[in-house]
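Grab a coffee and work through these short exercises with the structure open beside you. Each one gives a task and then walks through a solution.

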Amino acid sequence: MPERKTQDVLGREANMAMLRQERKANNAWNKLKRNRTAVIGFFIVCVMVLLAVFAPVLAPYDPNAINPIIPYKGIGFEGHLLGTDDLGRDILSRILYGARVSLVVAVGATIVGATLGVLIGLLAGYFGGWLDVVFMRFMDGMFSFPFILLAMILITVLGNGIWNVILAIGIANVPSFARVTRGQVIIVKEEEYCNACRVVGVSDLRLLFAHILPNCVSQIIVYATLRVASAIISEASLSFLGLGIALPTASWGSILRIGRDCLTTAPHVAGTAGLFILITVIGFNLLGDGIRDVLDPKMKQ
Amino acid sequence: MNGNDVILKVEGLKTYFYQASGVTKAVDGVSFTLKQGSTMGIVGESGSGKSVTSSSVMRLMPSKTAKIVEGSITFDGVDLLKLSNKDLLKFRGDECCMIFQNPMTSLDPVFKIGHQMVEMIREHQNISKKEAWDRAVEALKLVGIPEAEKRMEAYPHELSGGMCQRVIIAMAVCGHPKLIIADEPTTALDVTVQAQVLELLKELQDRLHTAILLITHNLGVVWQMCDTVMVMYAGNTVEYADTKTLYQEPMHPYTWGLLDSMPKLSSSSKEALTTIPGTPPDLRLTGRCCNFYNRCPYVKDICRQSVPPLVEIKPGHFVACHRQNGQNRLIRGEVNAHEEYEE
Amino acid sequence: MKNTKNRKVIMKVEHLSKDFVIHSKKLMEPKKMLHALSDVSFEIYEGETLGIIGESGCGKSTLGRCLVQLHRPTSGTILYEDRDLWSLSGTEHKEARKNIQMIFQDPYSSLDPRKTASYSIAEAMKVHNLGESARERHQRALEALQEVGLDVQHMERYPHEFSGGQRQRVNIARALSISPKVIVCDEPVSALDVSIQAQVINLFRKIQQERKLTYVFISHDLGIIKYISDRIIIMYLGRIVEMYTAEGIYQNPLHPYTKALLSAIPPESPFEKRERVTLEGDIPSPIGEQKGCPLAGRCPNCMERCRQEIPQLKDQGDGHLTACFLYE
């Protein structure tokens with residue numbers, strides 16, 4: 001008998017080792033590292049976040065310091081790496097500080113939109129019936145309302161502080177999150193394990209938040225990453241229209257707005273800010289696509 | 001036609017899947033011969049390689065990951081592994097047809113039955129649409145579908161599972177193939193419908209003299225349909241014999257376990273069922289010794305050391321077991337406790 | 001057979017019907033009804049195994065789901081220990097629910113893919129306030145896993161890290177952890193391989209003997225049903241057509257459908273030649289109104305009366321119930 005026993009134990013250890021190896025290989029983080037799209041996206045996003053965080057250290061000038069002697073100077077002018085704008089402010093410094101505003105607004109708005117939207121989507125999708133009808137018709141109503149108009153109304157009512165901009169873009173994001181979540185919930189709630197939980201006696205709320213939500217979360221994360229990219233653009237458009245963060249606080253959209261007036265004489269003002277928006281949006285989109293490939297292997301095939 | 005002609009001969013077939021997590025030895029040494037007009041069954045559990053064997057014969061494998069590493073497949077004197085893609089297409093439609101497990105998914109849901117059948121026929125035979133249509137109706141009548149003309153205008157979802165499987169069989173026999181590969185053709189069907197479909201297959205075989213390669217996990221279906229049977233385990237042929245011999249004198253311990261673990265309708269015994277302990281091995285780790293060693297009650301040192309060869313113990317009866325090809329053959333059900341733990 | 005009259009009835013189903021509304025694709029077309037179960041009545045005795053056989057669409061799964069209250073019956077009652085399940089108050093209802101558990105067919109989808117085995121089992125205990133602390137529940141989850149033949153190394157595994165047989169064991173452990181009285185098994189082994197099937201069936205029997213459980217065992221595999229059941233119900237198109245002891249039904253099937261079903265089973269040896277009772281065609285659709293015996297269109301013994309009236313279950317002596325005009 002003893003030989004047999006040792007063999008079993010050996011078998012078990014080998015089993016556990018293989019399991020660990022498999023878990024390691026299938027770990028979402030490790031898979032993400034192997035996905036080139038995701039790595040590039042992640043790198044871009046990281047660089048942007050670092051630039052924003054260390055803006056006070058990196059910025060060569062005070063972003064709001066006006067120097068009327070040197071307006072509209074081009075790239076590389078006397079220590080102004082990216083030139084200056086209409087009031088002679090250093091564009092590089094403004095872009096670095098603007099990254100803070102743009103990223104905080106974009107991420108904040110996505111969090112606001114996701115929180116409300118996911119909650120609405122969960123309830124509407126799970127309980128169905130009149131709750132679903134009321135919520136989703138309301139969402140449809142918001143969908144059909146032009147986003148800019150919605151944001152304009154909100155900001156006019158609330159005033160244009162950074163929190164109000166976050167709130168405005170966030171609320172405009174709610175319907176799409178609600179829709180994505182509801183779709184997922186409707187699929188997941190019919191899965192057999194939800195029935196199994198009901199039979200065991202798990203309550204509706206527990207089922208919803210302990211089982212259904214975690215099984216929808218990967219889709220929501222993917223969607224949220226992609227939404228950050230569009231929130232950056234939303235913020236830029238609001239600032240461009242003068243509805244965003246109040247001047248003189250720098251944001252990418254407000255730099256663009258100044259650049260608009262001198263597009264022919266000093267194209268670098270709008271160009272550099274536009275380039276940063278472009279790269280960041282691409283970064284978030286690549287990251288989102290990468291995460292989707294990792295979390296949802298079916299999509300890839 | 002001589003009834004003893006060998007139509008399909010597979011020798012030492014090895015099909016591996018190359019994946020990021022390792023090399024899966026899905027089929028790791030399979031040999032058999034199939035005679036014209038006869039039926040051979042391949043039985044085994046899921047993951048035993050029975051479906052991969054059949055798709056290897058059809059060369060229907062994902063070309064990126066799967067590779068036939070070794071062995072030969074000869075069909076009617078032609079080496080299938082050397083065929084060009086064009087010849088392969090011809091082979092698949094004209095000489096050999098396949099029936100899949102799920103009849104609902106093997107028909108295209110957006111086209112009518114008639115359209116699909118005509119397309120298929122015209123793919124392989126150079127005839128007009130009208131002729132192809134007539135032939136399709138004829139085939140549907142052959143497989144016992146009532147109101148065949150009307151059914152030609154139906155979409156797959158309008159038919160029941162049994163009807164769909166009949167349509168697929170009709171499509172398969174349209175080209176008068178020499179070989180039909182049926183991969184679990186009745187698993188998705190109900191018992192009474194299964195009986196109808198199996199009877200239909202047998203009837204068609206008698207009429208058209210085709211060979212059938214029947215893949216199943218249901219031994220009852222094997223007893224009913226097959227002349228010879230191959231038992232597969234973890235990618236290997238473990239036993240290959242004609243059906244009656246396999247039932248009466250099975251030789252491999254795995255076959256014994258398989259036969260014993262099915263509850264018998266005729267017996268009223270309420271004793272615990274005989275089981276094969278444990279689970280099948282991971283196919284990435286097989287191939288160094290007998291794959292069954294960790295579940296076999298008769299295991300000995302040699303079983304852990306080398307892969308047992310497939311040996312013809314009696315004419316036509318092949319077994320791959322170290323303990324069955326020497327002088328001291330095992331006796332079914334007698335485990336010698338002294339022997340068992342001998343190291 | 002054992003005298004069933006002296007045994008305690010644990011569950012009783014009376015005139016149970018379940019209809020599903022089919023929403024029509026076309027506008028303004030009247031709604032259609034799918035009659036999944038029509039007028040089903042039977043009793044379940046404590047400690048027995050009641051087998052339910054039928055082909056797909058016969059309503060056996062719907063019946064199982066009604067028993068565990070996943071579906072609300074359209075009409076009829078289900079009594080558990082003489083009390084109507086759907087009219088119980090909150091705590092009593094929860095208690096009754098705890099006592100009737102279910103094992104599902106597909107072991108791959110009946111466990112939450114994002115929860116470990118120990119979480120799934122401990123959760124079941126938690127919702128029923130069993131166990132003092134998370135630690136105790138964890139310990140009891142381990143005991144439940146050991147009871148079904150798994151061990152400590154399986155505690156923190158996710159469902160995809162188990163094989164099919166092991167997952168079904170985890171499902172069984174979860175059901176057992178809250179000590180139910182009745183377990184409804186809906187095709188619990190049909191997704192498993194033959195050698196694993198035998199292991200799981202043996203496990204079911206072992207647990208039943210140890211815990212004095214009552215099983216309702218739903219399957220389409222007649223060999224397994226006969227092996228595990230004491231009594232068998234045969235269903236066709238939402239109705240019970242025959243009900244008797246397992247031995248009795250196999251030795252002396254009365255209803256033409258039962259005869260056909262038994263003769264359609266593949267043989268047990270290559271030498272066996274069975275006389276076939278064949279049924280023509282397919283199972284009719286359960287949608288729309290029914291007239292006459294559900295088997296009328298396929299039955300070899302169909303009479304004029306069969307097309308007009310629906311036969312009722314009648315005792316043919318010794319508790320052998322069948323619903324067929326041939327025996328009246």
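**Exercise 1.** Work out what share of the residues of chain C count as buried.

*Solution.* This is a predicted model, so keep that in mind throughout. Step one: call a residue buried if 20 or more other C-beta atoms lie within 10 Å of its own. Step two: apply that to the 328 residues of chain C, and 46% count as buried.

**Exercise 2.** Decide whether the radius of gyration of chain C agrees with that of a compact globule or not.

*Solution.* Start with the expectation: a compact globule of 328 residues would come out near 20 Å. Chain C has 21 Å, which agrees. For the dimensions, the C-alpha trace spans about 65 × 55 × 45 Å along its principal axes. Inside that trace you'll find nine helices and 12 strands. Now look at contacts in chain C with a separation of 6 or more: 65% of them come from residues 24 or more positions apart.

**Exercise 3.** Find which element of chain C gives the most to the side that touches chain B.

*Solution.* First, size up the contact: 31 residues come from chain C and 35 residues from chain B. Next, list the elements of chain C that give two or more residues: α6 (194–211), α7 (222–228), α8 (246–251) and α9 (256–263). The winner is α6(C), with seven residues. By type, chain C's side splits into 15 nonpolar, nine polar and seven charged residues.

**Exercise 4.** Describe how β1(B) and β2(B) are joined.

*Solution.* Follow the chain: a hairpin links the two strands through two residues. Then check direction: β1 (residues 6–19) and β2 (residues 22–35) of chain B run antiparallel, joined by 10 bridges. For one example, B:Lys14 has B:Asp28 in β2(B) as its bridge partner.

How values were computed:
Residues numbered from 1 in each chain as written. Chains lettered and ligands numbered in written order. Predicted model: local features only at pLDDT ≥ 70, side-chain atom pairs only at ≥ 80, totals over all residues. Contact = placed C-beta atoms within 7 Å. Helix = DSSP H or I, 4+ residues; strand = E, 2+ residues; numbered from the N terminus. Nonpolar A, V, L, I, M, F, W, Y, C, P; charged D, E, K, R; others polar. Rg over C-alpha atoms; globule rule 2.2 N^0.38 Å. Buried ≥ 20, exposed ≤ 12 C-beta atoms within 10 Å, placed from the backbone. Pairing = 2+ DSSP bridges.
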